[in-house]
Amino acid sequence: MVDLAFSTNAYTHYSLSDAIRHIADHDYAGVELLGDEPHAYFPEFSDAARIDLRDTLDETELAVSNINANTATGYYDDAPPSSFFEPSVIRADADAREWRIDYTKRAIDLADAVDAPAVCLATGRPLPGTPPEEAREYLHESLHEILDYAEPMGIDVGIEFEPELLIENTDETLALIDDLDRDGLGVNLDLGHAAVYGEDPTESIRRSAGAITGIHLEDIVGGRRGKHYHRIPGEGDLDFRAIFDALDDIGYDGFATLELYTHPDDPDRAAREASAELAAYV
């Protein structure tokens, strides 16, 4: 059976603890924690903040579905407002790459502290001067170091693919998992990203069976003909009945996390309407 969770990255106008309390009011079983500002930007996430987080999780009785470590906008004073993956694990600059590796290890520490099963990580885009084949070498090196840290703790690392990143579709993610051959590496499968790339989300689910560390859900208009914009389920073209049937077919029994960071001005509406729309499927 799939349980629904909601990511705090929709609640960026709220503190982390307040975001969790709001999510608990909308019939979710779990919460994904944004591993970035304003919630858990690890260089500034104090011991007191960790204690407050643990107390809030105990109070709300929400499980943690995932630590979302895709972005690190807190690293920059002038990061753009859209998704931003720098510094990434494929940077040619060794110091920047090592910073990101260490940042991901801190996400793993938080996962261990709050009993989350996994963290997710996006690869980033190859920057000018770094050909894709060189970027892949950096990716492999980075992931081996990260997995050496995560696997003894029992924390999985889910690669989240996205169009225009180094790893941008199901084929490339599954090939990466095969190439590295590590027990702790899987896919944090964002089904909207699959649709925008032009894949059938249900086929992406079936092909990823046994490798899924978590699911991200949002609605998308137009699939590959549309734009990458996260919408509340019911406002786009995805067939959520077929999606949940596919998850059932492969025996997936983890969390499906709503990722609606596109609704920071009214996250309660997004959380409420998403929960109502998907209630019949879980």
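Which exposed residues does the face of α2 turned away from its buried side carry? That face carries Asp47, Ala48, Ile51 and Glu59, where exposed means over 50% relative accessible area, buried under 20% and partly exposed in between, with a 1.4 Å probe and protein chains only. The legends below describe a predicted model, in which local features need pLDDT of at least 70 and side-chain atom pairs count only at pLDDT 80 or more, while totals for chains, interfaces and linings use all residues. Residues are numbered from 1 along each chain as its sequence is written, and side-chain values use heavy atoms, with hydrogens and water left out.

**View 1. The whole protein, with 9 helices and 8 strands.** Helices (H or I, at least four residues) and strands (E, at least two) are DSSP runs, numbered from the N terminus. The radius of gyration, taken over C-alpha atoms, is 17 Å, close to the 19 Å that the globule rule gives for 282 residues, so the protein is as compact as a globular protein of that length; the rule itself is 2.2 Å times the number of residues to the power 0.38. The C-alpha trace spans about 45 × 45 × 35 Å along its principal axes. Of the 282 residues, 55% are buried, and the accessible surface comes to about 11,700 Å², with 43% of it belonging to carbon and sulfur atoms; accessible areas come from the Shrake-Rupley method with a 1.4 Å probe, and for residues only the protein chains shown count as cover. Among contacts (heavy atoms within 4.5 Å) between residues at least 6 apart in sequence, 78% join residues at least 24 apart.

**View 2. Helix α2, residues 47-60, and its buried face.** This helix has 14 residues and reaches 20 Å from its first C-alpha to its last, close to the 20 Å expected at 1.5 Å a residue, the expected span being 1.5 Å times one less than the number of residues. Leu53, Thr56, Leu57 and Thr60 are buried in α2. Seen down the axis of α2, the buried residues fall within an arc of 100°, so they line one face of the helix; the arc is that of the directions from the helix axis to the C-beta atoms. The buried residues of α2 pack against α1 (16-24), β2 (30-34), β3 (63-68) and α3 (94-113). Just after the helix, Glu61 takes a positive phi of about 60°.

**View 3. The salt bridge between Lys105 and Glu145.** A salt bridge is a side-chain nitrogen of Lys or Arg within 4 Å of a carboxyl oxygen of Asp or Glu, and the side chains of Lys105 and Glu145 meet in one at 3.1 Å, N to O. Lys105 lies in helix α3 and Glu145 in helix α4 (residues 132-150), so the pair ties together parts that are 40 residues apart in sequence. Lys105 is buried, with a relative accessible area of 14%, whereas Glu145, at 28% relative accessibility, counts as partly exposed. Leaving aside neighbours within four places in sequence, Lys105 is in contact with Glu145 and Tyr149.

**View 4. Salt bridges within helices α3 and α8.** The structure holds 17 salt bridges, including the one that Asp109 forms with Arg106, where the closest N and O atoms are 2.9 Å apart. These two residues lie 3 residues apart in helix α3, and are therefore separated by about one helical turn; Asp109 is partly exposed at 21% relative accessibility, as is Arg106 at 24%. In helix α8 (residues 240-249), Arg241 and Asp245 lie 4 residues apart, about one turn of the helix, and they form a salt bridge with their closest N and O atoms 3.3 Å apart. Arg241 counts as partly exposed at 35% relative accessibility, and Asp245 also counts as partly exposed at 35%.

**View 5. A network of salt bridges that links Glu235, Asp266, Arg269 and Glu273.** In this view, Arg269 appears with the acidic residues Glu235, Asp266 and Glu273, to which the network joins it.

**View 6. The surroundings of Leu176 in helix α5, residues 170-180.** At 4% relative accessibility, Leu176 counts as buried. Not counting residues up to four places away in sequence, Leu176 touches Leu139, His140, Leu143, Ile159, Ile167 and Leu185. Leu176 and Phe255 are 79 residues apart in sequence, and their C-alpha atoms are 23 Å apart in space.
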